[in-house]
Amino acid sequence: MPSVLVWLRNDLRLEDNPALYHAARTGLPLIPLYILEDISRAHWPPGSAGRVWLHHSLNSLQQQFRCKGSRLLLRIGNPLDIIRSLLEETGATSVYWNRRYEPVQVKIDQALKTALCEAGYTAESFPGNLLREPHEIANKQGNPYKVFTPFWKAYQAMGDPVTPLPAPKKLAAPKSWPGSTSTSLNELGLLPAVRWDKSIHDTWQAGSVGAEAMFKSFLKRIDDYDEDRNFPHRDGVSRMSPYLHFGEISARMIWHGVLQRESREGRMTPSARVMNYLRQLVWREFAHHLLFHFPHSSDKPLRPEFAAFPWRTGRQQLYAWQHGLTGYPIVDAGMRELWHSGWMHNRVRMIVASFLVKDLLIHWREGAKWFWDTLVDADLANNTLGWQWVAGSGADAAPYFRIFNPVTQSEKFDADGNYIRRWVPELSALDNQWIHKPWQAPAVLLQAAGITLGREYPRPIIDHAVARQRALAALKSMNDAR
Ligand SMILES: Cc1cc2nc3c(=O)[nH]c(=O)nc-3n(C[C@H](O)[C@H](O)[C@H](O)COP(=O)(O)OP(=O)(O)OC[C@H]3O[C@@H](n4cnc5c(N)ncnc54)[C@H](O)[C@@H]3O)c2cc1C
């Protein structure tokens, strides 16, 4: 009997999942499938933290399918080979999926669509992962946007995105499930051999149930978002990024969830403060728009002159940065938060990234690679935008000469030192005046706090004032060479 294969990828949810919804509406038996794709290192396969998240997310989705009398098949390998053999084995006649937009994924999906159509199968794809598709939006000249503000204005002018679809009520199961090559979740090998992932598991609940709980709790605080979002110790941001990356909740569900909340508060249009949250969601859209139209940007600077920037290698300094041992407490707190929880607050992402590319003059790609491996929300579009923005090489980037001072940033955004105290406990007995710059603290206070610099906590690996001058000189040398 004909049936429909539903290929799930970065849309690990039942609600607002157009491919699943439309497949269910055919009334035919459905065969949901996830493939751990076999792609080369050059194409940014999921990093270690992302793989841990994926394991738990698939586990949760398998349970959801089981509750609906269905299953989620798992496979590893080349999508075309796997889908072809499943079509033959099951007699399915069509394949449905939601579109994705990273350059290598676009190529895989296009080739697959062509091959399936040529072989006489139906391949249907749907928009489900962004508020709008990257090709739906262009400037007056018909070109992609490179600057955020006009992009955001254009988004607002287009009105609200379409409303989310409900989860299908019924998922018809095939008479018999393909079993010849079944793969178990553990066989995907997503969890590390040495189990370092406990702290990630303790911090997060992957899957759409976790996404919904996190979103509900954020909606209670959303009125304070605008004020609190820059302070890493406050519970100010939504932490929806890993859920959005894996598609355990859709951006449209968040958008409309926020609007519904506003209307419950008696507002026909969202307040300016709440609008600022929706604006962040559109940064995510902008990142996907840029990567879709400039596919080289995950590896090369968007502003070509930065190809000649005199980066340094600094292996030891890179190691110190990665492991939270730079001697700058706010940088170390951020890198340790990342290592422990797989996530870092946006303000601190900017501070640590600036420290790497400007104070240490280490290539942004090294930072992007480390984030890629350690973030549970590692996302090629957002990570590329973030790093190119900080490095000054992006289309709409912070100018290179604007160099974050890690001490003043720390004093401003973590004035009472609570974020530092949480993640760098060896400094916790220092008072607020010195916790941001322990190397300047009087010896007697350091001693009273139980700290000997270079023993309990490192001395700064570089003098920021000197580093700043060196970075400006590097920029000048790049500009002079043009
Ligand atoms: C160097 C650097 C690297 C980054 N790498 C990633 C990454 O790999 N994955 C990732 O999701 N985000 C990345 N970001 C963007 C941002 O830091 C995170 O999206 C945000 O901190 C996630 O926390 P949240 O969900 O609480 O954000 P909120 O402030 O609650 O925002 C809600 C959502 O809006 C989107 N968003 C917010 N800010 C941005 C932004 N600047 N760019 C794109 N989307 C945004 C995210 O999807 C986020 O979940 C990076 C930023 C920098 C500076």
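This is a guided tour of the cores, pockets and cavities of one predicted model, with a suggestion at each stop of what to select.

Residue numbers start from 1 along each chain as its sequence is written, and side-chain values rest on heavy atoms, with hydrogens and water left out. Because the model is predicted, local features need pLDDT of at least 70 and side-chain atom pairs count only at pLDDT 80 or more, whereas totals for chains, interfaces and linings use all residues.

**The nonpolar cores**

Select Leu58, Met240 and Trp321 to begin, since these are the residues with the most contacts inside the largest nonpolar core, which has 131 residues. A nonpolar core here is a set of buried Ala, Val, Leu, Ile, Met, Phe, Trp, Tyr and Cys residues joined through side-chain atoms within 4.5 Å, and buried means under 20% relative accessible area, with exposed over 50% and partly exposed in between (1.4 Å probe, protein chains only). Helix H11 (residues 272-293) gives the most to this core, with nine residues; helices (H or I, at least four residues) and strands (E, at least two) are DSSP runs numbered from the N terminus.

Centre the view on Leu58 and display its contacts (heavy atoms within 4.5 Å): leaving aside residues up to four places away in sequence, Leu58 touches Leu12, Tyr34, Leu72, Leu74, Leu185, Leu188 and Leu190. Apart from the largest core lies another, of 17 residues, and Leu5, Ile82, Leu112 and Leu116 are among them.

**Helix H15**

Select residues 364-374, which form helix H15, and colour Trp364, Gly367, Ala368, Trp370, Phe371, Trp372 and Thr374, which are buried. Against what do the buried residues of H15 pack? Their partners are helix H2 (48-67), helix H12 (315-322), helix H13 (329-341), H14 and H16.

**The largest pocket**

Next select Gln280, Trp283, Asn346, Arg349 and Asn382, which lie nearest the centre of the largest pocket among its 35 lining residues. The search runs on a 1 Å grid over the protein atoms alone, where a cavity is a set of points at which a 1.4 Å probe fits but cannot get out, a pocket is an open set with protein on both sides within 12 Å along at least five of seven lines, and lining residues have an atom within 4 Å of a point. This pocket holds about 1,100 Å³ of space, a volume being the space filled by probe spheres set on the grid points, which are joined across faces, edges and corners.

Helix H9 (241-245), H11, helix H14 (346-359) and helix H16 (380-391) each supply at least two residues of this lining, and H16 provides the largest share, seven residues. By class the lining has 17 nonpolar, 10 polar and eight charged residues, where Ala, Val, Leu, Ile, Met, Phe, Trp, Tyr, Cys and Pro count as nonpolar, Asp, Glu, Lys and Arg as charged, and the others, Gly among them, as polar. Domain 2 (130-166 + 206-293) and domain 3 (304-480) each contribute at least three residues to the lining, with bounds taken from an automatic or database domain assignment.

**The second largest pocket and Arg261**

Move to Glu15, Glu212, Phe215, Ile249 and Met253, which lie nearest the centre of the second largest pocket among its 19 lining residues; the space in this pocket is about 460 Å³. Helix H7 (208-219) and helix H10 (251-264) each supply at least two residues of the lining, of which the largest share, six residues, comes from H7. At least three residues of this lining come from each of domain 1 (4-128) and domain 2.

While H10 is on screen, select Arg261, which lies in that helix. Is Arg261 buried or exposed? Its relative accessible area is 9%, so Arg261 is buried, and beyond residues up to four places away in sequence Arg261 touches Leu219, Ile222, Asp223 and Arg267.

**The cavities**

The structure holds three cavities of 30 Å³ or more, and the largest has a volume of about 610 Å³. To find this cavity, select Asn10, Pro46, Glu102, Gln105 and His245, the closest to its centre of the 36 residues that line it. Strand S2 (30-37) gives the most to this lining, with four residues, and the lining comprises 19 nonpolar, 10 polar and seven charged residues.

Finish at the second largest cavity, with a volume of about 110 Å³, by selecting Leu290, Leu302, Thr384, Leu385 and Gln388, the closest to its centre of its 15 lining residues. H16 gives the most to this lining, with five residues. Where does this cavity lie with respect to domain 2 and domain 3? Both domains give residues to the lining, so the second largest cavity lies between them.
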